[in-house]
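Biologist: I am new to this one. Please show me the structure, and then let me ask about the terms.

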Amino acid sequence: MNFQLTEEHLAVQAAAREFAQTELLPGVIERDEHQKFPAEQIKKMGELGFLGMMVDPKYNGGGMDTISYVLAMEEISKVDASASVVMSVNNSLVCWGLEKYGTEEQKQKYLTRLATGEIIGAFCLSEPEAGSDATSQRTTAEDKGDYYLLNGTKNWITNGSTASVYLVIAQTDPEKKHRGINAFIVERGMEGFQVGLKENKLGIRGSDTHSLMFTDVKVPKENRIGEDGFGFKFAMSTLAGGRIGIAAQALGIASGAFELAVKYSKERKAFGVEIAKHQAIQFKLADMATNIEAARMLCLKAAFHKDTHQDYGMSGAMAKLFASKVAMETTVEAVQVHGGYGFVKEYHVERLMRDAKITQIYEGTSEIQKIVISRELLK
């Protein structure tokens with residue numbers, strides 16, 4: 001066992017931290033306040049290679065490992081979880097899914113541009129009646145010979161109005177249930193494809209979350225991913241890797257709040273001394289640091305399993321379950337350490353607390369992670 005990061009890992013971590021502090025931190029409160037998508041910052045993330053980190057260089061990607069991705073996600077998420085969720089979806093769900101299961105033509109047409117951030121992607125699985133129960137797809141894709149006719153609605157779609165490429169999961173043969181589901185590449189601008197209103201959210205308010213409506217959208221047969229009926233397996237396989245990205249996001253939110261709490265505790269005085277010298281605060285910081293380190297180890301272990309081609313279903317679920325819990329608990333305590341100042345926006349921790357909650361919900365709720373883990377345990 002070797003817990004040392006390589007020089008390359010450290011370089012990626014340092015680059016992500018510098019980008020977060022210099023490019024994302026200025027204006028992050030304003031973007032949250034006004035639900036402003038960080039368009040300029042996302043463009044720069046693409047130019048620096050943060051949107052296609054694990055993609056093969058022959059498709060314009062960085063060719064990095066999952067550990068590098070986790071390290072970068074943590075640093076970006078310490079400052080702006082709205083930016084990091086764009087990074088997570090584009091890397092984990094869209095680029096990875098296309099590279100793993102797409103045809104060479106699909107990779108050349110879409111992946112080469114997604115990996116550089118020239119365009120960004122969206123992953124469309126959730127529906128008004130199909131969240132945790134992903135088998136209950138109401139969106140339909142009727143086979144018309146050389147194309148599919150797509151009808152339905154998707155909910156809670158990150159990058160909803162800013163993406164150019166959408167991976168859409170839809171039901172083709174209801175009698176086959178989950179074996180009748182397919183995955184399609186839908187392009188922005190296809191006739192009948194409409195972006196709904198933006199969601200007014202508790203947290204990650206800078207991210208672009210919309211409903212999408214499909215009305216008789218003609219999707220060419222060559223835009224189907226994999227064989228007929230492969231869609232549900234595609235979605236579950238892609239989400240298994242996506243959990244590692246969201247676990248890393250949760251880890252970053254927690255460690256960002258912790259760093260702010262430590263800094264504030266050394267500056268704020270109460271009863272004549274810095275509050276960091278009071279045992280009540282010291283014990284909070286000790287608990288926070290220990291939980292964050294445990295979450296980090298789970299994230300890196302899941303990334304290691306993925307990089308070494310081991311089964312990462314359970315380790316990814318464990319990482320997401322625990323890291324999201326730690327994010328919620330740590331941010332609440334960080335607000336408490338800040339006292340009254342923690343309740344106002346300029347100290348950042350209240351935003352991190354609001355951002356933390358979604359990590360227990362999207363890309364599989366904590367309850368779904370427990371189902372995944374327990375099934376693996378009881379095999």
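What follows is a short talk about two helix pairs and one residue.

Modeller: This is a predicted model, where local features need pLDDT of at least 70, side-chain atom pairs count only at pLDDT 80 or more, and totals for chains, interfaces and linings use all residues. Residues are numbered from 1 along each chain as its sequence is written, and side-chain values use heavy atoms, with hydrogens and water left out.

Biologist: Why are α1 and α4 called roughly parallel?

Modeller: The axes of α1 (residues 7-24) and α4 (residues 66-79) cross at roughly 20 degrees. Angles under 35 degrees count as roughly parallel, so α1 and α4 earn that name. Their axes come within 8 Å.

Biologist: Which residues of α4 make the contact with α1?

Modeller: Contact means heavy atoms within 4.5 Å. On α4, the residues include Leu71, Ala72 and Ile76. On α1, Val12 and Ala16 are among them.

Biologist: How do you know whether Ala72 is buried or exposed?

Modeller: The relative accessible area of Ala72 is 0%. Buried means under 20%, exposed over 50%, and partly exposed in between (1.4 Å probe, protein chains only). Ala72 is therefore buried.

Biologist: What does Ala72 touch?

Modeller: Ala72 touches Val12, Ala16, Phe50, Met53 and Met87, not counting residues up to four places away in sequence.

Biologist: At what angle do α9 and α11 cross?

Modeller: The axes of α9 (residues 313-338) and α11 (residues 366-377) cross at roughly 145 degrees and come within 9 Å. Met314 and Leu321 of α9 are among the contact residues, as are Val372 and Ile373 of α11.

Note on methods. Axes are lines fitted to C-alpha atoms, for helices over the stretch in contact, and angles run from 0 to 180 degrees between N-to-C directions. Helices (H or I, at least four residues) and strands (E, at least two) are DSSP runs, numbered from the N terminus. Angles under 35 degrees count as roughly parallel, over 145 as roughly antiparallel, 65 to 115 as roughly perpendicular and the rest as oblique.
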